[in-house]
Amino acid sequence: MFTIRRAIITDAAALRDTHDAAARGTLLRDYPADLIEYFIAANPFPERYRYMLEHDWCYLAEEGGHPIGMAVAMPGRIRMLYVLPAHQGRGVGAALLATAEADAGAGVSEITLHATLTARGFYSHHGYVTIEEGAFAFPDKRQFAYVKMRKQGSG
Ligand SMILES: CC(C)(COP(=O)(O)OP(=O)(O)OC[C@H]1O[C@@H](n2cnc3c(N)ncnc32)[C@H](O)[C@@H]1OP(=O)(O)O)[C@@H](O)C(=O)NCCC(=O)NCCS
């Protein structure tokens, strides 16, 4: 059985490893491999992860002492919700989302997120509606498509 806990500063490598492995193992359905590598490089280690751990709420799902999923939240916003491919379809993503929503949605009117094309159905399934389809532009002008979605918060 898995557990979810708030990540601390010494978990930076666990967050990075979980994010990168889940992105490489899952996003290939919807994005070319070289674009996934750009996407991963957009969160440089360790500085970006240290920043998130110091400023945002970061969560790790673990089983048997090993990380299997992660998420990041801040007031009104959820980011980087990833589950390792071997552990997808077991409720880990839903549990991470519920934990992140409890923090991100507290006292705010809405939660927004930028979903990958791969995760869009997951968020729709959990009550998020699309408000914009767009793309992040990388310096070499290649574009990483996203779907901006929203759900009502508790405030
Ligand atoms: C999207 C993701 C986080 C879902 O995690 P997961 O652990 O596999 O999801 P769960 O097992 O908790 O699924 C919960 C529910 O969502 C549904 N669901 C999961 N993925 C879905 C999808 N792509 N489309 C529609 N429904 C989906 C499940 O069927 C399940 O439904 P149920 O509660 O009625 O049984 C995971 O597949 C993932 O890491 N994807 C790749 C990374 C990514 O794109 N992350 C988002 C960045 S914004």
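**The ligand shell**

Begin by selecting the ligand of this predicted model together with the 20 residues around it. Those that come nearest are Gln88, Gly93, Ala94, Ala119 and Gly121. Colouring by element shows that α1, β4, α4 (92-104) and α5 (120-125) each give two or more residues to the shell. By chemical class, the shell consists of ten nonpolar residues, nine polar residues and one charged residue.

**Ala119**

From the shell, select Ala119, one of the residues that come nearest to the ligand. Ala119 is found in the loop between β5 and α5. Is Ala119 buried or exposed? Ala119 counts as buried, because 22 C-beta neighbours lie inside 10 Å and the threshold for burial is 20 or more. For a sense of scale, add Asp34 to the selection: Ala119 and Asp34 are 85 residues apart in sequence, and their C-alpha atoms are 19 Å apart in space.

**Helix α1**

Next, select residues 12-26, which form helix α1. Its 15 residues, at 1.5 Å a residue, should span 21 Å, and the end C-alpha atoms are indeed 21 Å apart, so the two values agree. Within α1, highlight Ala12, Leu15, Thr18, His19, Ala22 and Ala23, which are buried. These residues cover an arc of only 140° around the axis, and therefore lie on the same side of α1. To display what covers the buried residues of α1, show elements that include α2 (33-41), α3 (47-55), β2 (57-63), β3 (66-74) and β4 (77-83).

**Two prolines**

In the loop between α1 and α2, select Pro32. Pro32 is exposed, because 11 other C-beta atoms lie within 10 Å and a residue with 12 or fewer is classed as exposed. Pro32 may then be paired with Phe144: the two are 112 residues apart in sequence, and 9.7 Å apart in space from C-alpha to C-alpha.

The next stop is Pro46, in the loop between α2 and α3. Display the backbone here, since the peptide bond from Phe45 to Pro46 is cis, with omega near 5°.

**The largest nonpolar core**

Now select the largest nonpolar core, which has 36 residues. In soluble globular proteins, nonpolar side chains tend to be buried together. Which members touch the most other members of this core? They are Tyr59, Met70, Ala71, Ile78, Leu81, Leu96 and Ala100. Two or more residues of the core come from each of α1, α3, β2, β3, β4, α4 and β5 (110-115).

Centre the view on Tyr59. Beyond its neighbours within four places in sequence, Tyr59 is in contact with Ile4, Arg5, Arg6, Ala7, Met70, Ala71, Leu96, Thr99 and Ala100.

**Two residues with positive phi**

The tour closes with two backbone features. Select Met80 in strand β4. Although Met80 is not a glycine, its phi is positive, at about 50°. Met80 is buried, with 21 other C-beta atoms within 10 Å.

Finally, move to Lys141, in the loop between β6 (129-137) and β7 (143-152). Lys141 is not a glycine either, yet has a positive phi of about 80°. Is Lys141 buried or exposed? Lys141 counts as exposed, with 6 C-beta neighbours inside 10 Å.

Key
Residues are numbered from 1 along each chain as its sequence is written. This is a predicted model: local features need pLDDT of at least 70, side-chain atom pairs count only at pLDDT 80 or more; totals for chains, interfaces and linings use all residues. Helices (H or I, at least four residues) and strands (E, at least two) are DSSP runs, numbered from the N terminus. The expected span of a helix is 1.5 Å times one less than its number of residues. The arc is that of the directions from the helix axis to the C-beta atoms. Two residues are in contact if their C-beta atoms, placed from the backbone, lie within 7 Å. A residue is near a molecule or strand if its C-beta atom, placed from the backbone, lies within 6 Å of it. Ala, Val, Leu, Ile, Met, Phe, Trp, Tyr, Cys and Pro count as nonpolar, Asp, Glu, Lys and Arg as charged, and the others, Gly among them, as polar. A nonpolar core is a set of buried Ala, Val, Leu, Ile, Met, Phe, Trp, Tyr and Cys residues joined through C-beta atoms within 7 Å.
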